[in-house]
Amino acid sequence: MAQPQSKKIFFENLSGAGKAIAVLTSGGDAQGMNAAVRAVVRMGLYVGAKVYFIHEGYQGMVDGGENIEEASWESVSSMLQVGGTVIGSARCKEFRSHEGRLKAAHNLVQQGITNLCVIGGDGSLTGANLFREEWSGLLTELVEQGLIEADAVQKYSALHIVGMVGSIDNDFCGTDMTIGTDSALHRIIEVVDAIMTTAQSHQRTFVLEVMGRHCGYLALVSALACGADWVLIPEMPPEDGWEDKMCEKLSANRAGMKRLNIIIVAEGAIDRSNRPITTDNIKDLVVKCLGFDTRVTILGHVQRGGTPSAFDRILASRMGVEAVLALLETTANTPACVVSLCGNQSVRLPLMECVQMTQEVQRAMDGKRFEEAVKLRGRSFENNLKTYKLLAHRKPESELPISNFNVAVLNVGAPSAGMNAAVRSAVRVGISEGHKMFAVSDGFEGFSKGQIKEIKWADVGGWTGQGGSLLGTKRTLPAKHVDKIAEQMREHNINALLIVGGFEAFLSLLELLTARGKYDEFCVPMVMVPATVSNNVPGSDLSIGADTALNAITATCDRIKQSASGTKRRVFIIETMGGYCGYLASVGGLAAGADAAYIYEEPFDIRDLQANVEHLTEKMKTSIQRGLVLRNENCNENYTTDFIYQLYSEEGRGVFDSRKNVLGHMQQGGAPSPFDRNFGTKISAKAMQWVTKKLVETFRQGRVFANTEDTCCLLGMRRRALVFQPVVQLKGETDFVHRIPKEQWWLKLRPLMKILAKYKTSYDVSDSGQLEHVVRNRPKESDASVAM
């Protein structure tokens, strides 16, 4: 894939000298806000600007005084892993009045602040835009009242605003994911997973209320992530008569030997007449109609609390740096913008366009135009809703298309969290499309031994939250057993293959493609869905399981760093998995606030190690008490974890001591994160729909015959799009010796980690957001959103 030409900004050229930037958090708090504040402060200081905290949101701006405080590098240390917002947030009635905004303008001018970074929801950002529009008039009034000098009007003539959306509801249009949403999903899924064990013990029905007064994103995605029986959201109220349908579904699930039912309700859920649907309504209905033992759990502010997830830390750090870049590039004529991600790309969008579309959603809901409301939420939301309906509600046998095709699903390579969600999705979508689905145990080794059996809809119930691989997985490649595999394909009349796995799965498809020349049995559609913690599959920016591994690394690093609190200065050397791929070390380092991350893709020598030790020594002489260094397991055969530990111990003697930790297979274990559950579910559903399309296209004269390159594909996420790519075309992009892609997008994130750790470095802004316009339902690219 052609890479855009890089334009690099160097430390000396990135000048914010003479500028003053203020950062505030406003409205409801969200996990990850602190990571955003930290990134704004450190990037601002890095480019030579003065940076200020505004404590308590707009209230602090109106009150002034000690609420506006100059920030230092050390003042944002140890806040990356803290939930909420340490600079405080408050709703401010006074700022809504002209007099309040006049006071705020006076306080900003006194500090020379003309650049504002606002982290909040649509109300906070709308207020910031109004403030910007009134700015010159407010300064004129201040001159007339004798509160500022006349030349201040010219000197501080324009107020520049950049917004970052901090909201757990993910209710802001134009952005794939808002800061805090992923962490809120973590809290919900933790509760649901815990409730499932007790519900199963007592054969209970649980009704869970999650936040989302005007937006059903949390309810919808958590329902998708846990396989809930029913979900109720404000954007798409159930059809009239839903009560009977829901009870029929719950009853059918119990009859199918399912011992529990989960119903998820957004707090703003309504029916078609805009009447609220409450958890108590649903409980009473289930008890009355079915007599099931039913309990209600309202999650409430638990969803706002706790430490931010790895995703939210990375999102907030990237957006904080992008916000500072946007402020440096803005002019008096640049509209206020919000920075966010689309796919894994930074985007800048006009603030008011996003606000207006967000308000349009509410108007559509008030006017009972629910289909329109779903579309306005964006393609990602619409896709989530379609996928949930497809997987949660089984069509009667009489309504299923009859395809007479047999499709086999198998896992290949090392286990990764989210594999089971992908298999469940493939099986249920396949059955919905009329296919007979077969599960292969233990990868191609099991395939060769005939470990193949039909798998039904109910067989994959409850699989989304299970870690590892329930089918069993092996690293064995098919070439070793190709004769026996062809025989099993023939015996079971397998018409298509869907493989969920890592680099071995990619190699397997290449081998099967070659085997087509000898065996007609392999002339069938074959597709691979990438699933590996290493995230080293060519053709895809992300793999199922990598997010769960990042969260394991981040949580462990937090605990390790905390173990040194109150002790003398200490540096921790942490070894991560990944083979030769440095994704986990680099992105985990960004999420955990590491000082350095050693990887194979970025060669280093003894001079680099010495420079890192000296850098840490300098930092340790200030108030910084802890250092964190990550090392990818195969980054260098000579500079081992033990070597680096001993070097740091010796060179840091008298300033800090060192400890080492090898994280090992804990990075592969555990329940999948909400992100991996949903990414696995959606990408696998899309892969199965492709299989159906190819089966129809290649069915000729009573048989399936697919021998073209485009019938053996890898489905991967590239920048903003989910793309089917013939595996043969990916050979040129692959370093087969080291089992990594030749070009990897996340390498552009490494300078961020260095900047935030106080290193002087170059920063590639070829992917920096350019101002775009909000469009209704972006082109299909957003189906691939890294967001869920």
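This passage goes through the overall build of the chain, its sheets, one loop residue and its cysteines.

The model is predicted, so local features are kept only at pLDDT of at least 70 and side-chain atom pairs only at pLDDT 80 or more, while totals for chains, interfaces and linings use all residues. Numbering starts from 1 along each chain as its sequence is written, and side-chain values rest on heavy atoms, with hydrogens and water left out.

Start with the overall picture. The chain carries 24 helices and 29 strands; helices (H or I, at least four residues) and strands (E, at least two) are DSSP runs numbered from the N terminus. Its radius of gyration is 27 Å, close to the 28 Å that the globule rule gives for 788 residues, so the chain is as compact as a globular protein of that length. That radius is taken over C-alpha atoms, and the rule is 2.2 Å times the number of residues to the power 0.38. Along the principal axes, the C-alpha atoms fill a box of roughly 90 × 70 × 45 Å. Of the 788 residues, 62% are buried, where buried means under 20% relative accessible area, exposed means over 50%, and partly exposed is in between (1.4 Å probe, protein chains only). As for contacts (heavy atoms within 4.5 Å), 79% of those between residues at least 6 apart in sequence join residues at least 24 apart.

Now the sheets. Strands of a sheet pair through backbone hydrogen bonds, either parallel or antiparallel; here, two strands count as paired if DSSP finds at least two bridges between them. One open sheet has four strands in the order β8-β9-β7-β10, with parallel pairing. Its edges are β8 (230–232) and β10 (294–298), each with a single partner strand, so one side of each is left without a neighbour in the sheet. From one strand to the next the twist averages 15°; angles run from 0 to 180 degrees between N-to-C directions, with axes fitted to C-alpha atoms, for helices over the stretch in contact. Six bridges hold β7 (residues 205–210) and β9 (residues 261–266) in parallel register, and Thr205 has Asn261 as its bridge partner in β9. Helix α7 (residues 217–226) lies across β7, β8 and β9, at about 160° to β9.

Further along the chain, another open sheet of four strands has the order β20-β21-β19-β22, again with parallel pairing. The edge positions go to β20 (596–598) and β22 (657–662); each has a single partner strand, so one side of each lacks a neighbour in the sheet. Neighbouring strands of this sheet are turned by 20° against each other on average, direction ignored. Strands β19 (residues 570–576) and β21 (residues 626–632) run parallel and are joined by seven bridges, with Glu575 opposite Arg631 in β21. Packed on this sheet is helix α18 (residues 546–562), which touches β19, β21 and β22 and makes about 145° with the direction of β21.

Then there is β25 (residues 712–718). Seven of its seven residues are buried, so the strand is largely enclosed by the rest of the structure. In a regular strand the side chains alternate between the two faces of the sheet. In β25, Cys712, Leu714, Gly716 and Arg718 point one way, Cys713, Leu715 and Met717 the other, and all are buried. Strand β18 (residues 526–530) pairs with β25 in the parallel sense over three bridges, and Met528 stands opposite Leu714. With β26 (residues 721–726), β25 pairs in the antiparallel sense over six bridges, Leu715 standing opposite Phe724. β25 and β26 make a hairpin with two residues between them, and Arg719 in the turn has a positive phi of about 55°.

Among the loops, the one between β16 (473–474) and α16 (482–491) holds Thr476. Thr476 counts as buried, at 14% relative accessibility. Leaving aside residues up to four places away in sequence, Thr476 touches Phe444, Glu445 and His481. The side chains of Thr476 and Glu445 also share a polar contact of 2.9 Å. Such a contact is a pair of N or O atoms within 3.5 Å; within protein, one must be able to donate a hydrogen and the other to accept it, and residues adjacent in sequence count only if both atoms are side-chain atoms.

Last, the cysteines. A search of the whole structure for disulfides (pairs of cysteine sulfur atoms within 2.5 Å) finds zero. For Cys117, the nearest cysteine sulfur is that of Cys337, 9.6 Å away; Cys117 is buried, with a relative accessible area of 1%. Cys289 is in no disulfide either, with the sulfur of Cys247 the nearest at 4.2 Å. Cys289 counts as partly exposed, at 43% relative accessibility.
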